[in-house]
Amino acid sequence: MKTVWMAGAAFMMTACCGNTSGPAAGSPKTEVTYGAEIALVKPDSVGGATINEALWNRRSWREYSAEPLTLEELSGVLWAAAGENRPGEGRLTAPSALALYPIRVYAFFAEGVYLYDSKAHKLVRVLEGDYRNLAAMQEFAFGAPLNLVYVADPAAYAGKNIPDDKVRCLCGQDAAGYAENVNLYTAGHGLRSITRGSAPEPELLAALGLAQSGCFVALAQTVGK
Ligand SMILES: Cc1cc2nc3c(=O)[nH]c(=O)nc-3n(C[C@H](O)[C@H](O)[C@H](O)COP(=O)(O)O)c2cc1C
């Protein structure tokens, strides 16, 4: 009986108090250096809250401090979004319709914009400087340490004979899987996030050099503390 009550109390604490599952004491907290590339660290196979705790904690956050993510947190977030989980097979933590992977993950920091390379588990800089105003249309995102933009490249569907509107829908569904992986990762690691549909798309694509590419913004997300 005592065991049951203790378990119930722990469950209620997690459910009621929100982000109680921060990084384990003593886990490394490495500062990110924003060079031409950011080599991300290998994600741990154990860590964070349980799946059930993460699901109880998940919610959309619209308040963020300016505190940057550590390298370990950033690495975990990108890996959750689109990291390889079966190395050598090119398959990711998130599913993709027909395994075509049309989604590119761009990470917007105060220091620059980076494209995630899931195979090498690294970020590659595409722009220097603060472009967070192009990653969102809501004030809270502009000062948050990380905004992710999921850009879809419909060219991944070339030759598949799938109508354009269906391709757009499938890309959005892929992106939603990436974003929800991140939401669960943040909920399980004492971080905050929100899936967002809004971004100034023409300006954003132009800044990324994708204005004429046929790419479109499938989804966006803010991550922080
Ligand atoms: C596809 C999608 C797009 C969303 N776009 C926005 C957005 O642009 N801005 C925003 O503040 N919230 C956005 N949200 C968050 C929803 O408003 C939020 O999930 C909803 O209010 C339920 O709250 P909860 O996530 O805390 O349970 C979006 C959610 C989804 C799934």
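This is a short tour of a predicted model, stop by stop.

**Whole chain**

Start with everything shown and colour by pLDDT. The average is 91, and 88% of the residues score at least 70. Now select residues 1–20. Here the pLDDT is below 50, and the stretch has 10 contacts in the model beyond near neighbours in sequence.

Switch to a cartoon view. The protein has six helices and nine strands. Of its 225 residues, 40% count as buried. Look at contacts with a sequence separation of 6 or more: residues 24 or more positions apart account for 76% of them.

**Strand β7**

Select residues 146–152. This is strand β7, and seven of its seven residues are buried. Show the side chains. Leu146, Leu148, Tyr150 and Ala152 point one way. Asn147, Val149 and Val151 point the other way. Both sets are buried.

Which strands pair with β7? Add residues 103–108 to the selection. This is β4, which pairs with β7 in the antiparallel sense over six bridges. For one rung, pick alanine 107, whose bridge partner in β7 is leucine 148. Then add residues 216–224. This is β9, joined to β7 by seven bridges, again antiparallel. Here asparagine 147 stands opposite threonine 222.

**Asparagine 147**

Stay in β7 and centre on asparagine 147. Is this residue buried or exposed? It has 26 other C-beta atoms within 10 Å, and the cut-off for buried is 20 or more, so asparagine 147 is buried.

Bring up its contacts, leaving out residues up to four places away in sequence. Asparagine 147 touches Phe108, Arg132, Ala135, Ala136, Ala141, Ala220, Gln221 and Thr222. Thr222 is also the residue opposite asparagine 147 in β9. Try a distance label next: asparagine 147 and leucine 134 are 13 residues apart in sequence and 9.8 Å apart from C-alpha to C-alpha.

**Helix α3**

Move to residues 71–82. This is helix α3, with 12 residues. From first C-alpha to last it reaches 16 Å, close to the 16 Å expected at 1.5 Å a residue.

How many residues of α3 are buried? The count is 11 of the 12, so the helix is largely enclosed by the rest of the structure. Among the buried residues are Glu72, Glu73, Leu74, Val77, Leu78 and Trp79. Show what lies against them. The buried residues of α3 pack against β3 (91–92), β4, β5 (112–117), β7, α5 (164–188) and β9. That list takes in β7 and both of the partners visited above, β4 and β9.

**The loop between β3 and β4**

Select alanine 99 and tyrosine 101. Alanine 99 is in the loop between β3 and β4, and so is tyrosine 101. Check the backbone torsions. Alanine 99 has a positive phi of about 50° although it is not a glycine. Tyrosine 101 also has a positive phi of about 50°, and it is not a glycine either.

Their surroundings are worth a look too. Alanine 99 has 11 C-beta neighbours inside 10 Å and therefore counts as exposed. Tyrosine 101 has 18 other C-beta atoms within 10 Å, so it is partly exposed.

**The ligand**

Finish at the ligand. Which residues are around it? Select Arg59, Ser60, Arg62, Gln138, Ile194, Thr195, Arg196, Gly197 and Ser198. Colour this shell by residue class. It divides into one nonpolar, five polar and three charged residues.

How values were computed:
Residues are numbered from 1 along each chain as its sequence is written. This is a predicted model: local features need pLDDT of at least 70, side-chain atom pairs count only at pLDDT 80 or more; totals for chains, interfaces and linings use all residues. A residue is near a molecule or strand if its C-beta atom, placed from the backbone, lies within 6 Å of it. Ala, Val, Leu, Ile, Met, Phe, Trp, Tyr, Cys and Pro count as nonpolar, Asp, Glu, Lys and Arg as charged, and the others, Gly among them, as polar. Helices (H or I, at least four residues) and strands (E, at least two) are DSSP runs, numbered from the N terminus. Two strands pair if DSSP finds at least two bridges between them. The expected span of a helix is 1.5 Å times one less than its number of residues. Two residues are in contact if their C-beta atoms, placed from the backbone, lie within 7 Å. pLDDT is the predictor's confidence in each residue, from 0 to 100.
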